[in-house]
Structures are given as structure tokens and as C-alpha cells.
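Q: Could we go through the internal spaces of this model?

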Amino acid sequence: MKDRGDHFQFSTGVVGYPLLFILCIWIVYWFEVRFGFDFNYLGVYPRTVVGLRGVLFSPFIHSDLTHLWHNTLPLLILSTALFYFYRSNAWMVLLIGVIFTGGLTWFFGRPAHHIGASGIVYMLFGFLFFKGIIAKHFRLTALSLIVVFIYGSMIWYILPIDPKISWEGHLSGLITGAILAFFIKQGIAKPILYTWESPDYDPEEDEFLRHFDEYGNFVEHLPEEESIEEDEVKVIYEYKPDESSKNKKE
């Protein structure tokens, strides 16, 4: 059995980078509450030039403590999974995901300030789910099932069921994550390749299969193969008549 690319490794960045981002959004909220600021105006405001600044700023801004807490735990868990299972692509997924999620929200969102990191949460959800299915690696597929088991109910919030919730940001994140899952192929752990799946596999050379006869019966002890010498020595005998016996006859 050959394992191609199954090299998941833990590092300080796997947890460190998600915790750093979580710390940043909490510091921003604390700063608003402590000093009486309101940064909602820095959110994504669709189809306006000034509203484009929200593409970068909106993930750090939250309306209240409940909003912040609902994004904190899934953001921590999903981003940690991203850095552990897709560490070579984690930063690319985050940077492209943030830009495209905010960009799509800006393009078709309602005329209001869209704030919060929930779009990033949905982007991570979409990427981890679809990439695990596409990759066909048993660990990544298992991760997809775990993600959808824990956060599958989030799918309802891509629909306009609550006017206070930016369903446009959620839908933009999910679409972005799915697109990234289909297009990012380099640096992804490959599925396990068994010996018999190799293109140069020869069943006649398989030590295990040689223990089965032509009827499919298992043969525990194989007959020893007779060694055949390539250069065989031949001995030729030539008989000559005895001279003494010949003289006596004469």
C-alpha cells in the first residue's frame, strides 16, 4: 500500500493563526464598546465605491455580543481545520475567500451595511465540505461529514428568512468556498493508492496471489522451483579398442 501525500502535521500556526484572528475581532468589538465607537459604516455597502472598503473591514465588525459569539466558535473550529488539513493552501483560501465573499455581497446585496465574519464562516464551510468530497481522501471526506453534521443547519441562513441577517453574505461565502474547492488542486492530500491500483502492477508477481491455484483454492506451501543452470556441462565419453587385446587376436 502506498500513501500519496498523507502528511497532515500539527504546528503552532494551526491553532495560533485562528486564535489571532478571533482575538482581533474581539479587540475591535471591545474598542467600540469601551470608547463608544460604531464601525458599522465600514461594512460592505453594495454597489457604491465607498462600500468596497467593507470587503476588508466588515469581517472584523459585529453589531452586538450575540452576533460576535455566534461567529467566534465556528470561525475558530473551521479555520483550525483549514490550517491543519490544507495548510499549504490555507492563506490563499482565506485571502481569496475574503475578497470574493465581500465582492459578491457588494455586487448583489441589499442597500445596507453588511458586517460580520459570518460570510467567512460560510466560505470555510463550503470549501471544507466540497473539497473533502472532491479529494476522495478518507480523512478529508470524514472532515466533510463532520462539518456538515455540526454546521449543516447553517444552510437555512443562505435564504432571506430574517431581514436582520445578511443572507447575501452567507450565500456569497458558500458560493466562494465551493468554487475554491473545485479550482484549488495543488497541495491537496492524495487518496491512498493500494499496490493493485498501480498501473505497473503484475498479478503474476504478487506473492499473495501465487498461493491460489487455477481453481481458486489456497495453497499454503508453494512447490520449490527447480533451479535450471543456464550453462550445462556435458560430458562426452569416447571408447577406443584395447591395443593389447587386438594383438592377441592376431
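**Cavity and pockets**

A: The largest cavity holds about 160 Å³ of space. On a 1 Å grid over the protein atoms alone, a cavity is a set of points where a 1.4 Å probe fits but cannot get out, and a pocket is an open set with protein on both sides within 12 Å along at least five of seven lines; lining residues have an atom within 4 Å of a point. Grid points are joined across faces, edges and corners, and a volume is the space filled by probe spheres set on the points.

Q: Which residues are closest to the centre of the largest cavity?
A: Of the 18 lining residues, the closest are Ser58, Thr101, Thr105, Gly116 and Gly119.

Q: Is this a predicted model, and how are residues numbered?
A: This is a predicted model, where local features need pLDDT of at least 70, side-chain atom pairs count only at pLDDT 80 or more, and totals for chains, interfaces and linings use all residues. Residues are numbered from 1 along each chain as its sequence is written, and side-chain values use heavy atoms, with hydrogens and water left out.Q: What volume does the largest pocket have?
A: Its volume is about 710 Å³. The largest pocket is lined by 26 residues, with His67, Asn71, Ser118, Ile165 and His170 nearest its centre.

Q: And how much space lies in the second largest pocket?
A: About 360 Å³ lies there. Among the 18 residues lining the second largest pocket, Phe21, Phe60, Trp91, Leu94 and Val98 lie nearest its centre.

Terms used: Residues numbered from 1 in each chain as written. Heavy atoms only, no water.
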